[in-house]
Amino acid sequence: MGRLVAVSNRVADPRNHAAGGLAVALSEALNKTGGLWFGWSGKVLETAQGGTPGEGELHQTQAGNVTLATVDLCREDHDAYYLGYSNGVLWPVLHYRVDLADFDAGGSLNAYRRVNQMFARKLAPMLKPDDVIWIHDYHLIPLAAELRAIGCGQRIGFFLHVPLPPPLILAAIPQHEWLMRALFAYDLLGFQSQTDLDHFSRYVQGEAGAEPMGEYRFRAFHRTVRAQAFPIGIDVEEFAELGRAAEAVETYEMMCGQYARRRLLLGIDRLDYSKGLPQRLKAFQTLLAEYPENRSSATLVQIAAPSRESVDAYADLRREMEGITGAINSEYGELDWMPVRYIHRATSRRRLPGLCRASSVALVTPLRDGMNLVAKEYIAAQDPDDPGVLVLSRFAGAAEQLKEALLVNPYDTRATAQAIQQALHMPLSERRTRHQKLLERIRQQDVHWWSSEYLRALMETEGG
């Protein structure tokens, strides 16, 4: 395999494992090949009055054996490409929320195309003939097509980190045909789950008239693409090691001390409408109403890190969360017990293992999620002799792997409350059995497995 070139909307230092996510996933392969990581710098340049969108300067830095190359975006491109089309159209539709998509945002599709073309122009001169290019996520769907258009013949793969909805929902996107056609410029498409892969298969055959070639290979638009599910994992050993560090131990001891008389339930999310946060609070409220023995004995700690607060849907969600939390605490709270501890800010990743280990139950109940790595981190952080219980939405990609969790429909408030009650009162022997199987699975399909399996499949795929 030649040099790995990773492309994503944002770039992180692969040496910083505390960053989590993609940095952990890609660091091994990038370092091994002396790789290049390319993307947006995160900087927004204000366009001069009367000016036109321009191309930001290319910045290059060295992070050990890896070259980081980033490009700035002007304000107009950032607002239209990133906020407008990527997060105002694609994000809601891919999470099944067509009602929240802003299809009428003027110029956003053109900006999405323009930025992807600009990325291709900036990246192409840096490429070597034997490079292997791995492009990530919905911001960059057309990037391979733009690279092909200027003569790049390298092997190119794509991985979608978010869900892919059924064909009829995809078809709600204006010019959805153009987007799906762009995917055929890749050699390999990776999805989080078999469900996403099946949706792609149905779409390209029903909407694009693609010819199935066996083993999830499809031919359309004079090209053949291979598609496969690669569920992303975590670095189990790294997270376990993080749990032995001072901050995690301190957090665990603090939580155990402060809540010695309570059972802790934990939710860790971004404040996003895909995460099912109001439904989760209502399920906890139902738990307290229908199983009164949990009053004064169960506390929900819900961390909801700020996310896109300038967008109306997110501001509305924040107000809703604060309203439901206030209603629960005023109805059931006592002088010495607050049912819900709602924290609207991010928590240090170094403290997360301690929080997870101190919690009897984790509530990971999104309405739709590509994978959800919090579920896997919770499993990795548990004491195998006295593990907690994972309550997991069947609509999270992780549910395909984590069958021993208590799977719930987050839209069914009463059933979710019943599952929480089951989790709180599950016998130790059953908790140990479930946890052992879950831990074994996340070890088998960890982040290193994910990266190596994807790149192996990409190298085996015959392009064109």
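**Entry 1: Ser359**

I began with the surroundings of Ser359 in this predicted model. Setting aside neighbours within four places in sequence, I found Ser359 in contact with Leu264, Leu266, Tyr378, Gln382 and Gly388. Ser359 sits in the loop that runs between helix 12 (352-358) and strand 14. Is Ser359 buried or exposed? Its relative accessible area is 4%, so I noted Ser359 as buried.

**Entry 2: the open sheet**

Next I followed strand 14 into its sheet. I counted six strands in an open sheet, in the order 13-12-11-14-15-16, with parallel pairing. Strand 13 (340-343) and strand 16 (406-408) are the edge strands, each pairing on one side only. On average, neighbouring strands of this sheet are turned by 20° against each other, direction ignored.

I then took a look at one edge. Strand 15 (residues 389-393) pairs with strand 16 in the parallel sense, over three bridges. Across that pair, Leu392 stands opposite Leu407 in strand 16.

**Entry 3: two positive phi values**

For backbone torsions, I kept a reminder to hand: most residues other than glycine have a negative phi. Which sign does phi of Asn372 have? I read a positive value, near 85°. Asn372 is placed in the loop between strand 14 (361-364) and helix 13. With a relative accessible area of 8%, which is under the 20% limit, Asn372 is therefore buried.

Asp137 also went on my list, with a positive phi near 80°. I located Asp137 in the loop between strand 5 (132-136) and helix 4 (143-149). The relative accessibility of Asp137 is 12%, so this residue counts as buried.

**Entry 4: helix 13 against helix 15**

The loop holding Asn372 leads to helix 13, and I looked up its packing. Helix 13 (residues 373-381) packs with helix 15 (residues 428-444) at an angle of about 115°, and I have their axes 9 Å apart. I logged the crossing of helix 13 past helix 15 as left-handed. Which residues make the contact? From helix 13 they are Lys376, Ile379 and Ala380, and from helix 15 they are His435, Leu438, Leu439 and Ile442. Sorted by class, I have five nonpolar residues, one polar and one charged in this contact.

**Entry 5: the nonpolar cores**

Then I turned to the cores. The largest nonpolar core holds 96 residues, and those with the most contacts inside it are Phe119, Ile135 and Phe200. Helix 2 (residues 75-94) gives this core its largest share, nine residues. I also found a second, separate core of 58 residues, with Val66, Phe239, Ala375 and Leu455 among its members.

I picked Ile135 for a closer look. Not counting residues up to four places away in sequence, Ile135 touches residues including Val7, Leu140, Ile156, Phe158, Phe159 and Tyr186.

**Entry 6: Phe159**

Phe159 was my last stop. It lies in strand 6 (residues 155-159), and its relative accessibility is 0%, so I marked Phe159 as buried. What does Phe159 touch, residues up to four places away in sequence not counted? My list has Trp134, Ile135, His136, Asp137, Gly190, Phe191, Gln192, Phe230, Trp450 and Tyr454. I was pleased to meet two residues from my earlier entries there, Ile135 and Asp137.

I also took one C-alpha to C-alpha distance from here: Phe159 and Tyr314 are 26 Å apart in space and 155 residues apart in sequence.

Definitions and conventions
Residues are numbered from 1 along each chain as its sequence is written. This is a predicted model: local features need pLDDT of at least 70, side-chain atom pairs count only at pLDDT 80 or more; totals for chains, interfaces and linings use all residues. Side-chain values use heavy atoms; hydrogens and water are left out. Axes are lines fitted to C-alpha atoms, for helices over the stretch in contact, and angles run from 0 to 180 degrees between N-to-C directions. Helices (H or I, at least four residues) and strands (E, at least two) are DSSP runs, numbered from the N terminus. A crossing is left-handed if the near helix is turned anticlockwise from the far one by less than a right angle, and right-handed if clockwise. Contact means heavy atoms within 4.5 Å. Ala, Val, Leu, Ile, Met, Phe, Trp, Tyr, Cys and Pro count as nonpolar, Asp, Glu, Lys and Arg as charged, and the others, Gly among them, as polar. Buried means under 20% relative accessible area, exposed over 50%, partly exposed in between (1.4 Å probe, protein chains only). A nonpolar core is a set of buried Ala, Val, Leu, Ile, Met, Phe, Trp, Tyr and Cys residues joined through side-chain atoms within 4.5 Å. Two strands pair if DSSP finds at least two bridges between them.
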